[in-house]
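Colleague: Could you take a close look at the place where the two domains of this chain meet, and then work outwards from there to the parts around it? I would like one connected account rather than a list.

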Amino acid sequence: MSQPVDVAASNQDFVLTLSCPDTTGIVYRVSGLLYQHEGNILDAQQYGDTETGRFFLRVHFALPSAHSIDTLRERFAELAGPLQMNWQIHDNSRRSRLLIMVSKQGHCLNDLLFRAHSGQLKADIAAIVSNHPDYAALAESYGIPFHHLPITPDTKPQQERQILDLVEREQIDLVVLARYMQILSAEMSTALTGRAINIHHSFLPSFKGARPYHQAWQRGVKIIGATAHYVTSDLDEGPIIEQDIARVDHTMRAEDLTRVGSDIESLVLSRAVRRHVEHRILLNDNRTVVFR
């Protein structure tokens, strides 16, 4: 008696992302090329921006193992050229490698560690960097290398060079600033373009600096929130990926606002990281297209 064939096991899993000037027939041509290679489309999402005239597409597809992904990439390059496509084909079986940077507030770090460890986040945390030693024990409990890299104005260039060397050595796909309370230099921000995400409270520019939730409490704010965005050389002005808010009222103390704000920051950052590692984000000038 013949054994049943596990179709899923015999397939390779990929995600195609692309953006290009909008024109007719893009989906037809892409799906037709996948069909020629016996590709099975599992999910597809698209968006046409009438303001910029650009088209965005994400296709999750399976390819029979007998077919070469390199051949498909060659054929797709021939298709993409005349259409001026920015495109990538990602191997969906490959787990992204993360470097998390943190200072003294560990709520976002702790959340990401748990999500990665429990399988909720399809990524491997390859290393943790901090300018303080506080979370060395937490990193050790998860078996993750912890790099204590202190920083002063005089040592900032050397410290950032150490981080970039670590990114290269560990083949890091994404750097996550999980409440890392240092401003990256323009040089480092440029080096990490498109592969670094930051999280911060959404009180900017009103309440800058230390203890923003206490500043907000003193002003009697009624809504608090958080923003996750890509890092650019323009401080806290990179393309926004995810945001959320919560309502607060006069009965809440500054400590209550801090607690609620920390929860929102953790949730917003985890959403942004998940959508990045699942290849759901495409840049649209200084904005983002985020496929759910």
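Modeller: Between domain 1 and domain 2 of this predicted model, the count is one salt bridge. A salt bridge joins the side chains of arginine 287 and aspartate 49, with 2.9 Å from N to O. Polar contacts add to the picture, since five residue pairs, both partners at pLDDT 80 or more, are in polar contact between domain 1 and domain 2. On the side of domain 1 that touches domain 2, the elements giving two or more residues are strand E1 (11-21), strand E2 (40-49) and strand E3 (54-64).

The domain assignment places residues 11-91 in domain 1 and residues 96-290 in domain 2, and the C-alpha centres of domain 1 and domain 2 are 31 Å apart. To the contact, domain 1 contributes 13 residues and domain 2 contributes nine residues. The size of an interface is often given as the accessible area lost when the parts come together. For domain 1 and domain 2 the buried area is about 830 Å², and carbon and sulfur atoms give 57% of that area.

One residue of strand E1 deserves a closer view, namely threonine 17. With a relative accessible area of 8%, threonine 17 falls under the 20% limit and therefore counts as buried. The side chain of threonine 17 makes a polar contact of 3.4 Å with the side chain of histidine 90. Leaving aside residues up to four places away in sequence, threonine 17 touches Leu57, Arg58, Asn86, Trp87, Gln88, His90, His279 and Leu282.

Trp87, one of the residues that threonine 17 touches, also leads to the aromatic pairs, of which the structure holds three. In one of them, the ring centres of tyrosine 47 and phenylalanine 56 are 6.3 Å apart and the planes stand at 25 degrees, so this pair counts as stacked. Its two members differ in accessibility, because phenylalanine 56, at a relative accessible area of 0%, is buried, while tyrosine 47, at 37%, is partly exposed. In another pair, the rings of phenylalanine 76 and tryptophan 87 have centres 4.9 Å apart and planes at 55 degrees, so the pair is tilted. That pair links distant parts of the chain, with phenylalanine 76 in helix H2 (residues 69-83) and tryptophan 87 in strand E4 (residues 86-91), 11 residues apart. Phenylalanine 76 is buried at 1% relative accessible area, whereas tryptophan 87 is partly exposed at 24%.

Past strand E4, arginine 94 forms a salt bridge with aspartate 173, with the closest N and O atoms 3.0 Å apart. Arginine 94 lies in the loop between E4 and strand E5 (96-102), and aspartate 173 in the loop between helix H5 (156-169) and strand E8 (174-177), so this salt bridge ties together parts that are 79 residues apart in sequence. Both residues are partly exposed, arginine 94 at 44% relative accessibility and aspartate 173 at 25%.

Helix H5 holds a salt bridge of its own, in which glutamate 160 and lysine 156 have their closest N and O atoms 3.7 Å apart. Glutamate 160 and lysine 156 are four residues apart in helix H5 and are therefore separated by about one helical turn. Here glutamate 160 is buried, at 7% relative accessible area, and lysine 156 is partly exposed, at 21%.

Towards the end of the chain, the side chains of glutamate 242 and arginine 292 meet in a salt bridge of 3.2 Å, N to O. With glutamate 242 in strand E11 (residues 240-247) and arginine 292 in the segment after strand E13 (287-290), the pair ties together parts that are 50 residues apart in sequence. Glutamate 242 counts as buried at 8% relative accessibility, while arginine 292 counts as exposed at 54%. Shared partners join Glu242, Asp244, Arg271, Arg275 and Arg292 into one network of salt bridges. Over the whole structure, the search finds 19 salt bridges.

Helix H7 (residues 212-219) has Pro212, Tyr213, His214 and Ala216 buried, and their cover includes strand E9 (196-201), strand E10 (223-230) and helix H8 (254-277). Glycine 220, with a positive phi near 70 degrees, follows H7.

How values were computed:
Residues numbered from 1 in each chain as written. Heavy atoms only, no water. Phe/Tyr/Trp six-rings, centres within 6.5 Å; stacked < 30°, edge-to-face > 60°. Buried < 20%, exposed > 50% of the residue type's maximum accessible area, 1.4 Å probe, protein only. Contact = heavy atoms within 4.5 Å. Domains from an automatic or database assignment. Buried area = accessible area lost by both parts, 1.4 Å probe. Salt bridge = Lys/Arg side-chain N within 4 Å of Asp/Glu carboxyl O. Polar contact = N/O pair within 3.5 Å; in protein donor to acceptor, adjacent residues only side chain to side chain.
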